[in-house]
Amino acid sequence: MEEKKIPYKTYLDESEIPTKWYNVRADMKNKPAPLLNPGTLQPMTAEELYPVFCEELVAQELNNTDAYIDIPEEIQTFYKMYRPSPLIRAYFLEKALDTPAKIYYKFEGNNTSGSHKLNSAIAQAYYAKKQGLKGVTTETGAGQWGTALSMACSYFGLDCKVYMVKVSYEQKPFRREVMRTYGASVTPSPSTSTAVGRKILEDHPGTTGSLGCAISEAVEVATTTEGYRYVLGSVLNQVLLHQSVIGLESKAALDKLGVKPDIIIGCAGGGSNLGGLIAPFMGQKLRGEADYRIIAVEPASCPSFTRGKFAYDFCDTGMVCPLAKMYTLGSGFIPSANHAGGLRYHGMSSTLSQLYHDGLMEATSVEQTSVFEAAEQFARVEGILPAPESSHAIRVAIDEALKCKETGEEKTILFGLTGTGYFDMVAYEKFNDGVMSDYIPTDEDLQKGFDGLPKFPGNV
Ligand SMILES: *Cc1c(COP(=O)(O)O)cnc(C)c1O
């Protein structure tokens, strides 16, 4: 009966939007391994990172000690444009599944970029502006990050050059136009406009591209253009830090309702939304204050956690970036072209990789047709058309709720609904037409990626 009181949607008050980000690394006993200089194999110093990244972001990247970092006033103000985001009780889905489980989701799709990526884009654009830069370069896969960054750059009057994975550039012309509407320039990657792009095209003629390729191109342009730096929308510690706003809001809303989740589920591409969603919960777990089951969900076609190696690897295909220790499929790994959109990155956040390695979270992989089945079921009952990436989390949330139906357990499930899928209708069309296929790489496919891992003592 108590139950009836939980509202469909819980919004925090505007004044309750977090004013500090939470840095989970401060509470980790085993810190994520440092970025290494690929030439010397020594940890990258701040000075070595300055040619690539904005200075304040470098400080955040290397900060393993401060648990809370102030959100600058200007960023707090921008957050008010679209935050707080709602925490939604999935009553309709629970009913459709006939499950005793209680399902909640944090919806981050309620802004024009359509995903959580704006939370970090606005922070990165702010620090670039503060440093007096002219502009930034970046890569985008499915297009959400490029869109979010375009919005953030236009807000601060910065130029924005986006390298977009070619397959998405072709499949998602409307995404591209949103970015151009916000003033960004968009180049399909790999392109002939950079040395590294030309090299990749020579080695892999006809390639549909990958995030790893696009990163190499964007970094090259940033480091060779005066007044520009490179920004990245996932994977990095700083991005997980900015995304902690998702978890902090979720936890504050759940605390208000007097609800404690048993299971927390998120999709994992490079790990930023999941890292952000779980941050305060993981903090409690690390400090021994509470326990949660935390599940990362990745596509079976790009299974970094579940089939990757925990090793130092390049963050990009062109091998121009520092080495990061992470669960990786190898920087040369390019997911099958039949895989729809996001979650295509070969590696994983080094923070999440360390937490996974230490047994503090689980990971599972799912096939794309089952992901779209979950997406469709969700859309039909909850009303929101989910992004394919987000639907990986929906799949596992549904599966866990169905397990509760079998056992009669009333578990509380929280998952991250990272975005909307309006620009993913080519993939939905394939699913609706029954021509969507699943591709699971063979061990031999994966071995090719592993063969390219950097070889040095203690690595592979
Ligand atoms: C980018 C993106 C993801 C995956 O990126 P993470 O860094 O792993 O969060 C998931 N969902 C949506 C909607 C995205 O745009």
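**Pockets, cavities and the ligand site**

The largest pocket has a lining of 21 residues, and those nearest its centre are H204, G332, F333, I334 and G449. Two helices, α9 (195-203) and α18 (443-451), are the elements that contribute two or more residues to this lining. Helix α9 provides the largest share, with 4 residues. The model described here is a predicted one, and in it the largest pocket has a volume of about 450 Å³. Sorted by class, the lining of this pocket consists of 8 nonpolar, 9 polar and 4 charged residues.

Enclosed space comes next. Rolling a probe the size of a water molecule over the atoms reveals where empty space remains. The structure contains 7 cavities of 30 Å³ or more, and the largest cavity holds about 390 Å³ of space. Its lining is made up of 31 residues, with K117, L211, S234, G270 and L343 lying nearest the centre. The elements that supply two or more residues to the lining of the largest cavity are one strand, β6 (135-140), and the helices α6 (144-156), α10 (211-224), α12 and α16. In terms of class, this lining divides into 10 nonpolar, 17 polar and 4 charged residues.

What takes up the space of the largest cavity? The ligand does: the space that the ligand takes is the largest cavity. A shell of 18 residues surrounds the ligand, and K117, S234, G269, S272 and T418 come nearest to it. Two of these names, K117 and S234, will be familiar from the cavity, where they are among the residues nearest the centre. Helices α12 (272-286) and α16 (388-407) each give at least two residues to the shell around the ligand, and α12 and α16 are also among the elements with two or more residues in the lining of the largest cavity. By class, the shell has 4 nonpolar, 12 polar and 2 charged residues.

Several polar contacts can be traced between the protein and oxygen atoms of the ligand. In the side chain of S234, an N or O atom lies 2.5 Å from a ligand oxygen atom. At G269 the backbone takes part, with an N or O atom placed 2.7 Å from an oxygen atom of the ligand. H116 offers a polar side-chain atom at 3.2 Å from an oxygen atom of the ligand. How much of the ligand's accessible area does the protein cover? On its own the ligand has 380 Å² of accessible area, and the protein covers 94% of it.

Some features of the backbone are also worth a look when browsing the model. Two peptide bonds that lead into proline are cis. One of them runs from R83 to P84, with omega near -5 degrees, and P84 belongs to the loop between α3 (73-79) and β4 (87-89). The other joins S189 to P190, with omega near 5 degrees. P190 is found in the loop between β8 (185-189) and α9, and α9 is the helix with the largest share of the lining of the largest pocket. Finally, L41 is not a glycine, yet it has a positive phi of about 60 degrees. L41 sits in the loop between β2 (20-22) and α1 (46-49).

Terms used:
Residues numbered from 1 in each chain as written. Predicted model: local features only at pLDDT ≥ 70, side-chain atom pairs only at ≥ 80, totals over all residues. Heavy atoms only, no water. Near = heavy atom within 4 Å. Polar contact = N/O pair within 3.5 Å; in protein donor to acceptor, adjacent residues only side chain to side chain. Areas by Shrake-Rupley, 256 points an atom, 1.4 Å probe, with all protein chains shown as cover. 1 Å grid on protein atoms, 1.4 Å probe; cavity = no way out; pocket = protein on both sides within 12 Å on 5 of 7 lines; lining within 4 Å. Sits in = over half its atoms within 2 Å of the grid points. Nonpolar A, V, L, I, M, F, W, Y, C, P; charged D, E, K, R; others polar. Points joined across faces, edges and corners; volume = space filled by probe spheres on them.
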